[in-house]
Amino acid sequence: MKYRPSRRTRRLAISTAVVLALAGANGPWLYRFSTERYHEYKINQPEYKAANGHWDFLDVPSEHRINTIHAALLHTGKVLLVAGSGNNQKNFDAKSFRSVLWDPKTNVFKDIPTPKDMFCAGHTQLPDGKLLIAGGTKRYEKLQGDVTKAGGLMIVHNENPDKPITLPAGTRFTGKKNGKTFVSKDPILVEKATKVFDKQTGAFLRNDPGLGRIYVEAQKTGKKYETGTEDNYRVAGLSGSDTRNVYGIAQKLALDKKDFQGIKEAFEFDPVAEKYIPVDPMNEARWYPTLTTLEDGKVLALSGLDEIGQIVPGKDEIYDPVTKEWEYTGIVRKFPTYPAVFLLNDGKLFYSGSNAGYGPADVGRDPGVWDLSTNKFKKIPGLSDPDQMETSATVRLPPAQDEKFMVIGGGGVGESEKSSEKSRLVDLQQKNPEFTDGASLSEGTRYPSASLLPDDSLLVTGGSSDYRGRGGSDVLQARLYDAKTDTYKKVADPAVGRNYHSGSVLLPDGRVMIFGSDSLFSDKANTRPGVFEQRIEIYTPPYLYRDSRPELTAGPKKIERGSTGLFTTQHASKITSAKLMRPSAVTHVTDTDQRTIALEMEKSEDGITVTVPDNPALVPAGWYMLFATDDQGTPSEGMWVEVPE
């Protein structure tokens with residue numbers, strides 16, 4: 001049928017033409033108005049949408065608008081939006097923690113009781129379809145000038161090899177030289193000392209003390225209670241030999257900026273019951289951690305700020321979804337916060353160098369392949385702009401079998417003004433892999449959101465060229481990346497800038513949801529404080545503006561690895577490929593869950609038969625969306641399929 005514009009479209013075109021004719025005689029304001037009207041007309045034309053896609057705002061009722069910082073697609077098709085306290089000190093003090101569940105099919109929203117502050121937690125999909133969420137916020141940061149009591153890290157030593165010791169919250173530490181007293185904010189367990197023997201003679205050499213880390217604070221306010229040098233501290237309330245064996249050592253205890261502090265709590269979110277279920281807490285408190293699923297379905301927790309606001313010192317741990325318990329790995333490997341760590345096809349892990357923003361510039365920043373069983377780490381050379389990997393995005397390009405990764409944009413460590421326009425590519429199946437530069441973005445971009453699409457393209461959108469959008473630096477652009485040609489294609493521009501605390505999620509119908517943004521300032525002059533962006537946009541890609549799309553009408557809900565499944569369709573003759581796509585769990589533009597797994601496919605008159613690869617490291621147990629794509633690159637809606645353990 002020949003396309004005919006609607007009456008509304010014709011009226012808009014006529015009025016736009018009239019306004020344009022008047023623009024020259026009526027000054028800049030009218031020109032600006034006319035240009036905006038014309039732009040609105042242009043982006044709503046069918047031809048434009050078919051070439052560039054289209055953005056729409058999601059209609060969120062006011063009572064369900066939150067500062068979305070985390071988002072995860074669940075196997076029910078609903079999306080869990082998590083704010084916690086939403087980077088809002090008042091919410092934190094009031095213990096007002098928020099989560100909202102959104103159903104894209106019905107556009108129904110539901111508030112979810114949220115037991116702890118999951119702001120800046122980590123999360124990943126579990127084999128049974130639940131979502132593991134671990135860590136969050138114990139204390140908000142205090143900037144220099146707002147700190148009234150001197151404080152910092154106290155290392156507690158226990159030289160008794162026979163027993164650990166527990167010190168309660170409120171324990172007083174008094175410096176032997178400076179005479180100043182500091183008080184602990186939490187209880188602490190200090191392990192017993194380790195006896196060290198000579199390996200050849202067996203003779204006893206010494207006791208290596210057990211160590212505990214605790215945050216302490218001066219009893220009174222004021223600069224005179226600061227310390228400037230290291231001192232040993234007596235511990236009040238001890239008796240007998242403990243008075244000699246247990247002591248504290250602290251460096252500078254001052255009125256410096258105090259970082260966020262993490263929590264140990266962990267929860268599973270049940271998509272069917274639609275509630276959080278508490279599980280065993282982590283051994284380490286973590287704020288800004290990464291959770292990465294391993295090939296056996298267990299989950300590795302990495303990095304984060306601990307309960308005293310310092311980087312967890314390499315004490316990685318693993319969650320068992322069967323026992324609901326955590327165990328240390330027994331090895332030490334340090335990363336900055338929210339490290340982008342991915343499971344590879346041989347069970348090893350790839351760290352791209354991407355991270356979200358806390359940690360020394362010279363510790364744990366090198367990309368490489370990590371063998372968790374031996375703690376061997378093979379660095380990968382060739383990374384361009386290596387000092388600008390913070391707030392970059394990393395994506396495993398389709399298909400996952402090929403183990404090709406792309407690192408997009410990024411910026412300098414901390415509040416740096418630096419930003420990179422680079423897209424770095426690496427093929428991990430090469431004998432000696434090295435990064436090479438791919439197609440570049442139009443400008444340096446921190447916080448780019450990147451979502452894999454079912455036609456094997458990649459949507460890259462949002463970000464800012466400066467730290468947290470300073471100076472009005474949001475990048476109001478979207479691009480589709482084609483990995484086969486290593487090219488970006490500019491598509492429809494989003495209406496809202498997105499920087500810090502933003503992300504994007506592929507929906508089962510093939511659209512993409514983008515959320516969040518937490519600018520430092522709301523004006524280019526950096527004079528007015530920023531306001532968290534609660535509006536959510538939905539991007540409809542060009543493939544959804546074609547005349548038709550393939551439809552899968554029925555199929556198995558569960559397929560074992562190495563097994564096949566028949567999916568009925570009336571469009572079998574036009575279908576050229578099928579794939580499994582793992583649902584996203586994203587925060588701070590970090591998403592180690594998303595991957596596209598190509599499936600072997602046979603066509604018949606009534607449908608397609610697909611085979612799921614039998615490698616658990618390639619296809620971790622859990623729920624996936626099955627997409628079929630036709631000869632025009634148009635995908636079906638995703639059909640949920642479970643791959644059991």
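Q: Which strand pairs with β7 in the antiparallel sense over four bridges, and where does that strand lie in the sequence?

A: Two strands count as paired if DSSP finds at least two bridges between them, and strands are themselves DSSP runs (E, at least two residues), as helices are (H or I, at least four residues), numbered from the N terminus. In this predicted model, β7 pairs in the antiparallel sense with strand β20 (residues 266–270) over four bridges, and within that pairing Leu131 stands opposite Phe269 of β20. Residues are numbered from 1 along each chain as its sequence is written. Because the model is predicted, local features need pLDDT of at least 70 and side-chain atom pairs count only at pLDDT 80 or more, while totals for chains, interfaces and linings use all residues, and side-chain values use heavy atoms, with hydrogens and water left out.

Q: What does β6 contribute to β7?

A: Strand β6 (residues 122–125) also pairs with β7 in the antiparallel sense, over four bridges, and Gly122 has Ala134 of β7 as its bridge partner. The hairpin of β6 and β7 has five residues between the strands, and in this hairpin Gly129 takes a positive phi near 95°.

Q: Which residues cover the two faces of β7?

A: In a regular strand the side chains alternate between the two faces of the sheet. A residue is called buried under 20% relative accessible area, exposed over 50%, and partly exposed in between, with a 1.4 Å probe and protein chains only. In strand β7 (residues 131–134), Leu131 and Ile133 lie on one side and Leu132 and Ala134 on the other, and all of these are buried.

Q: Is Ala301 buried or exposed, and what is its relative accessibility?

A: Ala301, in strand β23 (residues 299–302), counts as buried because its relative accessibility is 0%. Contact means heavy atoms within 4.5 Å, and, leaving aside neighbours within four places in sequence, Ala301 is in contact with residues including Met282, Arg286, Asp316 and Trp326.

Q: How many helices and strands does the protein chain have, and what is its radius of gyration?

A: The protein chain has five helices and 48 strands. The radius of gyration is taken over C-alpha atoms, and the globule rule is 2.2 Å times the number of residues to the power 0.38. For 645 residues a compact globule would have a value near 26 Å, so the 27 Å of the protein chain agrees. Buried residues make up 55% of the 645 residues, and 61% of the contacts between residues at least 6 apart in sequence join residues at least 24 apart.
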